[in-house]
Amino acid sequence: MPVNLESNHVQNQAQNQDPSRSNRWRIALIQCDIVLGQPEVNRAKLEAAMDRAARAAEKPDVILLPELWNTGYALTEIGRLADPEGQNSRAWLAAFARRHGIHVIGGSIAENRSGQVYNTMLVFNRSGEEVAAYSKIHLFRLMEEDKYLQPGERSVTFELDGLPAGAEICYDIRFPELTRSLALRGAKLLFVAAEWPLPRLNHWRTLLIARAIENQMYVIACNRTGKGGGDEFFGHSMIIDPWGEIVAEGGEAEEIVTGSIDLTLVDQVRRRIPVFDDRRPLAYD
């Protein structure tokens, strides 16, 4: 039976100002189920949903996908299933971004690099140029990632339309020092791809809101839904502004979660409460 991903779920538009369209981005989060160990099936489903998002009355500036969308947590077969050097995923995501003129944050894929598998996020700008690749630094031992995947070795910042942003994947959000390091390098947005399972919904929401407030940045997070590998995933993809206000939040079903962000708000918040100027790092040791 075909899955309906056409509904847009937007809550609590937390914009107190009415900036010009040039200072606003429309965000679309593709919150979907992932078929375990079926990369081609998953890509076809995502492409259909992304096409619908791109054809919406208000075209998105950015599309974000969930974590490990190509394979899910088929870890015992991950070496066979992982995309060699990410070539297939790179070609597809770049072509989509170029065709629609949309920034694509490609969630993350299982990427086979010289026989070792990484959980890698790929980022493409409106022209289809790859501007970043980030491999998940913190592997989640409760789901045995450490037995089958290699950890990334460096954090990543990048620019979209001149706006600095950072990348994280799922478990990474439990490490506040990672997000702070991205903010100190200038990031004003944080993109998070996840397969965050039940029963830790409260942790998911609280951590994302905290990362937004303490770093005075937008946090834009896409979580999968459905069941796979013995785990159940709850969705609740979120867009959170630098005050910690929820701009948009999904439910538990498959859907395209959309919301608009004000690109000037980060600087306004950072001027209002100058957290970064008031840091005393020498005292923290």
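Two strands pair if DSSP finds at least two bridges between them. Helices (H or I, at least four residues) and strands (E, at least two) are DSSP runs, numbered from the N terminus. With those terms in hand, the tour can start.

This is a predicted model, in which local features need pLDDT of at least 70 and side-chain atom pairs count only at pLDDT 80 or more, while totals for chains, interfaces and linings use all residues. Residues are numbered from 1 along each chain as its sequence is written, and side-chain values use heavy atoms, with hydrogens and water left out.

**The whole chain**

Select the protein chain. It has 7 helices and 16 strands. Along the principal axes, its C-alpha atoms fill a box of roughly 50 × 50 × 35 Å. The radius of gyration (taken over C-alpha atoms; the globule rule is 2.2 Å times the number of residues to the power 0.38) is 18 Å, which agrees with the value near 19 Å for a compact globule of 285 residues.

Now colour by burial. Buried means under 20% relative accessible area, exposed over 50%, and partly exposed in between (1.4 Å probe, protein chains only). Of the 285 residues, 57% count as buried. The protein chain exposes about 12100 Å², of which carbon and sulfur atoms supply 48% (Shrake-Rupley method with a 1.4 Å probe; for residues, only the protein chains shown count as cover).

Contact means heavy atoms within 4.5 Å. Among contacts between residues at least 6 apart in sequence, 70% join residues at least 24 apart.

**Strand β6 and its partners**

Select residues 116–124, which form β6. This strand is mostly covered, with 8 of its 9 residues buried.

Add β4, residues 103–105. β4 and β6 pair in the antiparallel sense over 2 bridges. Here V104 stands opposite F124 of β6.

Next add β5, residues 109–113. β5 and β6 run antiparallel and are joined by 5 bridges. Pick A110 to find N119 as its bridge partner in β6. The hairpin of β5 and β6 has 2 residues between the strands, and S114 takes a positive phi near 50° there.

Then add β7, residues 130–135. β6 and β7 are antiparallel, again with 5 bridges joining them. M121 has Y134 in β7 as its bridge partner. The hairpin formed by β6 and β7 has 5 residues between the strands, and G128 in the turn has a positive phi of about 85°.

**Helix α5**

Which residues of α5 are buried? Select residues 176–184 and look at L178, T179, L182 and A183. Seen down the axis of α5, these buried residues fall within an arc of 135° (the arc of the directions from the helix axis to the C-beta atoms), so they line one face of the helix.

To see what covers them, show the strands β7, β8 (157–160), β9 (163–169) and β10 (189–194), together with the helices α6 (201–215) and α7 (265–272), which are among the covering elements. Just after α5, G186 takes a positive phi of about 105°.

**Helix α1**

Select residues 39–54. This is α1, which has 16 residues and reaches 22 Å from its first C-alpha to its last, close to the 22 Å expected at 1.5 Å a residue (1.5 Å times one less than the number of residues). Its buried residues are N42, L46, A49, M50, D51, A53 and A54. Their cover includes β1 (24–31), β2 (62–64), α3 (87–100), β4 and β16 (255–262).

Step back to C32, in the loop between β1 and α1. C32 is buried, with a relative accessible area of 1%. The C-alpha atoms of C32 and R80 are separated by 23 Å, and the two residues are 48 apart along the chain.

**Backbone details in the loops**

Most residues other than glycine have a negative phi, and most peptide bonds are trans. Three places to check follow.

- Select L198 and P199: the peptide bond from L198 to P199 is cis, with omega near 10°. P199 is found in the loop between β10 and α6.
- Select E144, in the loop between β7 and α4 (145–148). Phi of E144 is near 60°, a positive value in a residue other than glycine. At 34% relative accessibility, E144 counts as partly exposed.
- Select H236, in the loop between β13 (231–234) and β14 (238–240). H236 is not a glycine, yet its phi is positive, at about 55°. Is H236 buried or exposed? At 14% relative accessibility, H236 counts as buried.
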